[in-house]
Amino acid sequence: MAVPLLKQGDVLIASIQAALTDQDLVRLREDVADRVGRFRSRGVVIDVTSLDVLDSFATRTLRAIAYTAKLRGANTVVVGIQPDVAFAMVQLGLALEGIPTALDLEEGLAQLDALAGEGRHRDQ
Amino acid sequence: MTNDGTSPAQGGRDDDGTSPASPERGRDDALCVSIETEGDIVTARQKGRELAAAVGFAATDQTILALAISEIARNIIAYATRGTVTLGRLDEGGRRGVSVVAEDQGPGIADVDLAMRDGYSTAKSLGMGLPGSKRVMDEFELTTVLGKGTTVKMKKWLR
C-alpha cells in the first residue's frame, strides 16, 4: 500500500498508514525525492499519527527520507509520533537524530514556515 | 525478574512449552507466524499487540512488545531470510505475561557479545534490534549455532 503524497502549496504531505511495510517506506523515499523536484517543494511533512510502531528500519528510513529531501532543497518535519510510540522508541534506544519533529500537521507546517523564513534571512 | 541473555536454562522452560524441539505446538493459545516477507513483520507485531492487549498489558507495554517483535522478526528477514515468530500466553503461578520465540535456520551469529552491543550491525540496520529488545523485555535468551540457526526467546510479565 503506497503512502499518499499530497501537494499543498510548496509543501508535500505524506500520511503514513498503520500497516506500513518496509517496501512502502522505501518507495516513499523514492517518491519524496522525485516529487520534491517535480513540484519544486520547499518542505515535506511526514505524518506518522496512525503508525503503531516506529522500529529501527522505519527510523532509519525516515532519516534517509529527510536527508534525501534536504539534498534536494526541502526541509522535512516528522509529525504525530504517538506518546506510546515515542516512549517505546526511547526505551529501545531509537532516535531520529536531527530531524525536526512537531506535535501534529498544523505545528509541522508552522515549523516549515519558520525554517523557510530563516532561509530567506540568510539569503538577504 | 531476570534479564540474562547468556543463561542457557531459564526457569519454566519445560512448562511453558518453549523448548526448541516443540515450539509451543499443541498449545491452543500459541500462535506461530511464519516470517518470510517483510509484510510478515507487520503481521507478527500486530498479533503480538493483540495478544498483549488480551493478556491485559497497557497500551505503552503493548507498543514496546510490538516494537521488540518487529526488531527480532526483522533480524530473521535480514540475516536468515525466513523463520518463525511464535507468540504465547504465560501463566506461571499467578504471574501472567507474553512469550515471544523467534527461530530461524540461518547462518547463526558468530560473535554474540558483539551482536548484543548497542549500535553494532553487520547489515541493514541501526544495530539496536537485539540489545534494544533485551532492554525492554523482562527475560531474553539468545541461542545460536553457526550454520544451524538462531533462537531468541523473550518474555514480558504483566505487573
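Student: Which residue follows α2(A), and what is said of its phi?

Tutor: In this predicted model, the residue that follows α2(A) is Gly73(A), and its phi is positive, near 90 degrees.

Student: How do you know that the span of α2(A) is close to the one expected for a helix?

Tutor: Helix α2 of chain A covers residues 56–71, which is 16 residues, and it reaches 23 Å from its first C-alpha to its last. The expected span is 1.5 Å times one less than the number of residues, which for this helix gives 22 Å, and the value found is therefore close to expectation.

Student: Why are Ser56(A), Leu62(A) and Ala69(A) in α2(A) called buried?

Tutor: A residue is called buried if 20 or more other C-beta atoms lie within 10 Å of its own. Ser56(A), Leu62(A) and Ala69(A) count as buried in α2(A), and the buried residues of this helix also include Phe57(A), Ile65(A) and Ala66(A), so each of them meets that cut-off.

Student: What do the buried residues of α2(A) pack against?

Tutor: Within chain A they pack against α1 (22–38), β3 (43–47) and β4 (75–79), and in chain B they pack against α2 (59–80) and α4 (129–136).

Student: How many residues of each chain are in contact with the other chain, and what makes them contacts?

Tutor: Two residues are in contact if their C-beta atoms lie within 7 Å, and by this criterion 22 residues of chain B are in contact with 19 residues of chain A. On the side of chain B that touches chain A, α1 (38–55), α2 and α4 of chain B each supply at least two residues, and the largest share, 9 residues, comes from α2(B). By class, that side has 8 nonpolar, 7 polar and 7 charged residues.

Student: Why is chain A called as compact as a globular protein of its length?

Tutor: Chain A comes to 4 helices and 5 strands, which follow the pattern β-β-α-β-α-β-α-β-α along the sequence. Its radius of gyration is 14 Å, close to the 14 Å that the globule rule gives for 124 residues, so chain A is as compact as a globular protein of that length. The C-alpha atoms of chain A fill a box of roughly 45 × 25 × 20 Å along the principal axes.

Student: What makes β1 and β5 of chain A edge strands?

Tutor: The sheet of chain A is open, with 5 strands in the order β1-β2-β3-β4-β5 and mixed pairing. β1 (5–8) and β5 (101–102) each have a single partner strand, so one side of each is left without a neighbour in the sheet.

Student: How do you know that β3(A) and β4(A) pair?

Tutor: Pairing requires at least two bridges between the strands; β3(A) and β4(A) have 5 bridges, in the parallel sense, and therefore count as paired. Val45(A) stands opposite Val77(A) in β4(A). The helix α2(A) packs on the sheet, touching β3 and β4 of chain A, and its direction makes about 150 degrees with that of β4(A). Helix α1(A) lies across β1, β2 (11–15) and β3 of chain A, running at about 165 degrees to β2(A).

Student: What is the strand order of the sheet in chain B, and what is its pairing?

Tutor: Chain B has an open sheet of 5 strands in the order β1-β2-β3-β5-β4, with antiparallel pairing. The edge strands are β1 and β4 of chain B, each pairing on one side only, and the twist averages 15 degrees from one strand to the next. Helix α2(B) packs on this sheet, touching β1, β2, β3 and β5 of chain B, and its direction makes about 15 degrees with that of β3(B).

Student: Why are β4 and β5 of chain B counted as a pair?

Tutor: The threshold is at least two bridges, and 7 bridges join β4 (residues 139–145) to β5 (residues 149–157) of chain B, so these antiparallel strands satisfy it. The bridge partner of Thr144(B) is Thr150(B) in β5(B). The hairpin of these strands has 3 residues between them, and Gly147(B) takes a positive phi near 80 degrees there.

Note on methods: Residues are numbered from 1 along each chain as its sequence is written. Chains are lettered from A and ligands numbered from 1 in the order in which they are written. This is a predicted model: local features need pLDDT of at least 70, side-chain atom pairs count only at pLDDT 80 or more; totals for chains, interfaces and linings use all residues. The radius of gyration is taken over C-alpha atoms; the globule rule is 2.2 Å times the number of residues to the power 0.38. A residue is buried if 20 or more other C-beta atoms lie within 10 Å of its own, exposed if 12 or fewer, and partly exposed in between; C-beta atoms are placed from the backbone. Ala, Val, Leu, Ile, Met, Phe, Trp, Tyr, Cys and Pro count as nonpolar, Asp, Glu, Lys and Arg as charged, and the others, Gly among them, as polar. Axes are lines fitted to C-alpha atoms, for helices over the stretch in contact, and angles run from 0 to 180 degrees between N-to-C directions.
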